[in-house]
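Visitor: I'm new to this structure and would like some help reading it. Could you walk me through a few features, one at a time?

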Amino acid sequence: MNIFVWVTLTLSVYVRCSTAQGKKFFCSFSPSKADLIGYQPENIPLEVCPDVIFKAISFPSILGRQILFNDNEKIAFSRVVSSVRKRSNTARIVASIDGTARDFATTSNAIVRRKAFVQATVALLLELDADAIELNWKASSNSANDRASMVQLLQDLRQAVNAASKSRNRNRELWFRGSLHPSLLADAYNIFDVCELVDHVTLDPSTAESLENSHAPLYGTPQELGMYIPNIGNVYYPKTGFNTTTQRWIDEGCAPKKLLLGIGLYGISRVFSPALAPYLYNKVNLLAPNGTHLEQRELCKYIREAGWSYAWDGYGGMPYVTRALQNGLVERISYEDLDSLRLKMDMVEQKRLGGIYIDYVHSDDIYGSFGERIPEEGAAPEQQIGVTQGWCTWWLW
C-alpha cells in the first residue's frame with residue numbers, strides 16, 4: 001500500500017478520536033479560489049469536512065447610514081449552504097466577513113454606523129441560514145488605539161446574536177479571527193475581553209508567514225548574538241513559533257477550547273542570495289520576506305522535479321526543499337507533510353485547543369499527486385477530477 005495512504009488511514013483514527021472528544025474540524029472554502037480549478041460546493045467532502053467556513057464575504061459598503069453586503073457574495077454563499085444542507089443535517093456553516101483594521105474601526109467608532117453594521121450582520125446571518133458569523137478584523141501594528149472599539153462592536157454583536165438565537169430557537173455563534181504574530185498579540189487585542197465575547201477564535205496561520213524560515217513554525221529559531229546582553233544572554237530565543245503564540249492567547253485569558261488552530265495547505269517559496277544569508281543569521285525570511293504561495297496541489301508536483309534537496313527544520317518542525325538557480329540564487333520552499341501535521345496535532349492535544357480548521361479544502365492534493373487518490377463514492381471515472389479529498393484533509397480528519 002502507498003505509504004502516504006497507509007499513514008493517512010492509520011492516523012485518521014487518532015484524529016477521529018479527538019473529534020469524538022469534542023474537537024472541532026472545519027474546512028474553509030473560497031469560491032473565487034475554487035472556481036479557478038473547477039472545484040464546486042458539491043465537491044466539498046462532508047464525510048471528512050463536517051463543518052465549513054465560507055471565506056468570501058467582503059466588508060460591506062457604507063452609504064450614509066446604510067450598510068450593504070455584496071449581493072454576488074451572498075448568492076455564492078447560498079450555493080454552499082444549499083449544497084451542504086442537502087447532504088448533511090448536522091454540518092455547520094460559518095460566514096466570514098473580511099475587513100481591514102480601518103474598515104472595522106471606522107464603523108465601530110461611530111455609534112450610528114456600529115448599530116447599522118450589527119443590524120446588517122445579524123440580518124445576513126439569518127438571511128443566509130448561517131450557523132455563525134466570523135469577523136476577520138485584520139489587525140495591524142497601528143491597531144492599538146482600536147482595542148476599545150473592537151470590544152464595543154463585539155459586545156453589541158454578542159447581544160444581537162444571542163437575541164437572534166432565542167427568537168429563532170436555534171443556536172447561532174459569533175466568531176473572531178485572530179493573529180499569531182507576537183507584536184499584534186501584544187498591541188492589537190484585549191484578548192481576555194475578545195475571548196469572553198465570542199464563541200471561537202480562529203488562529204490564522206498566514207499572519208506568521210514572515211517570522212521564520214518555515215512559514216508555520218512550531219518554535220522560533222535561536223540566534224547566537226556573539227556577545228552577552230543583559231536579560232537575554234548570548235542566545236536570543238524569539239517567541240515566534242505557534243507553540244508560543246497560541247500559549248499567549250491562553251495566558252492572556254482565552255479558554256483553550258475556544259481556540260481553533262489554522263492549518264494552511266500551502267507552501268512558501270523564497271528566492272535568496274546564499275552569499276548574503278550569513279549576515280542575517282541565515283534568516284531567509286529576512287532576505288525574501290514576501291514569499292510566493294504554492295497551493296498544496298501545486299507544490300506536490302513542483303518539488304518532485306529534478307534538482308531539489310530535502311531537509312527538515314528542527315525548530316520550525318517543518319520540511320523544506322532547496323535548489324540552486326542559474327543566476328547564483330537559491331530557491332527554498334517550506335511546506336507541510338505528515339510529520340509536520342502530526343506535530344501540530346500533538347500541540348492541539350497538549351494545549352487542549354478546541355480543534356482546527358484548514359485553509360483551504362480545495363488547496364489540498366485533490367488530484368492525488370502525493371499519494372493515492374481517494375475517489376468520491378459512486379463517482380464515475382470521468383467525474384474523478386476535483387471530487388476527491390486531498391491527503392492532508394483526510395489525514396487531519
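Guide: Happy to. Let's start with how angles work here: an axis is a line fitted to C-alpha atoms, for helices over the stretch in contact, and angles run from 0 to 180 degrees between N-to-C directions. Keep in mind that what you see is a predicted model.

Visitor: At what angle do helix α4 and helix α5 pack?

Guide: In general, two packed helices are described by the angle between their axes and the distance between the axes. Here, α4 (residues 101-109) and α5 (residues 111-127) pack at about 110 degrees, and their axes are 5 Å apart. Angles of 65 to 115 degrees count as roughly perpendicular, so α4 and α5 are roughly perpendicular to each other.

Visitor: Which residues in α4 meet which in α5?

Guide: On the α4 side, look for Phe104, Thr106, Thr107, Ser108 and Asn109; they meet Ile111, Arg113, Arg114 and Phe117 in α5. Sorted by class, that contact has three nonpolar, four polar and two charged residues.

Visitor: Now the strands. In what order do the eight strands close into a barrel?

Guide: The general idea is that strands of a sheet pair through backbone hydrogen bonds, either parallel or antiparallel. In this model the eight strands go round as β1-β2-β5-β6-β7-β8-β11-β17, with parallel pairing. Neighbouring strands of this sheet are turned by 25 degrees against each other on average, ignoring direction.

Visitor: How many bridges join β7 and β8?

Guide: Five: β7 (residues 173-179) and β8 (residues 200-204) pair over that many bridges, in the parallel sense. To pick one out, find Gly178, whose bridge partner in β8 is Leu203. You can also see α5 packing on the sheet, where α5 touches β2, β5 and β6 and makes about 135 degrees with the direction of β6. Another helix, α9 (residues 242-251), lies across β7, β8 and β11, running at about 155 degrees to β11.

Visitor: What about pockets? Which residues lie nearest the centre of the largest pocket?

Guide: Those are Asn136, Lys138, Arg177, Asp204 and Ser206, out of 23 lining residues. The elements giving two or more residues to that lining are β6, β7 and β13. The pocket holds about 450 Å³ of space, and its lining has eight nonpolar, seven polar and eight charged residues.

Visitor: And which residues line the second largest pocket?

Guide: Among them are Glu212, Thr221, Tyr281, Asp313 and Arg332. This pocket has about 200 Å³ of space, and its lining divides into three nonpolar, four polar and four charged residues.

Conventions
Residues numbered from 1 in each chain as written. Predicted model: local features only at pLDDT ≥ 70, side-chain atom pairs only at ≥ 80, totals over all residues. Heavy atoms only, no water. Helix = DSSP H or I, 4+ residues; strand = E, 2+ residues; numbered from the N terminus. Parallel < 35°, antiparallel > 145°, perpendicular 65-115°, else oblique. Contact = heavy atoms within 4.5 Å. Nonpolar A, V, L, I, M, F, W, Y, C, P; charged D, E, K, R; others polar. Pairing = 2+ DSSP bridges. 1 Å grid on protein atoms, 1.4 Å probe; cavity = no way out; pocket = protein on both sides within 12 Å on 5 of 7 lines; lining within 4 Å. Points joined across faces, edges and corners; volume = space filled by probe spheres on them.
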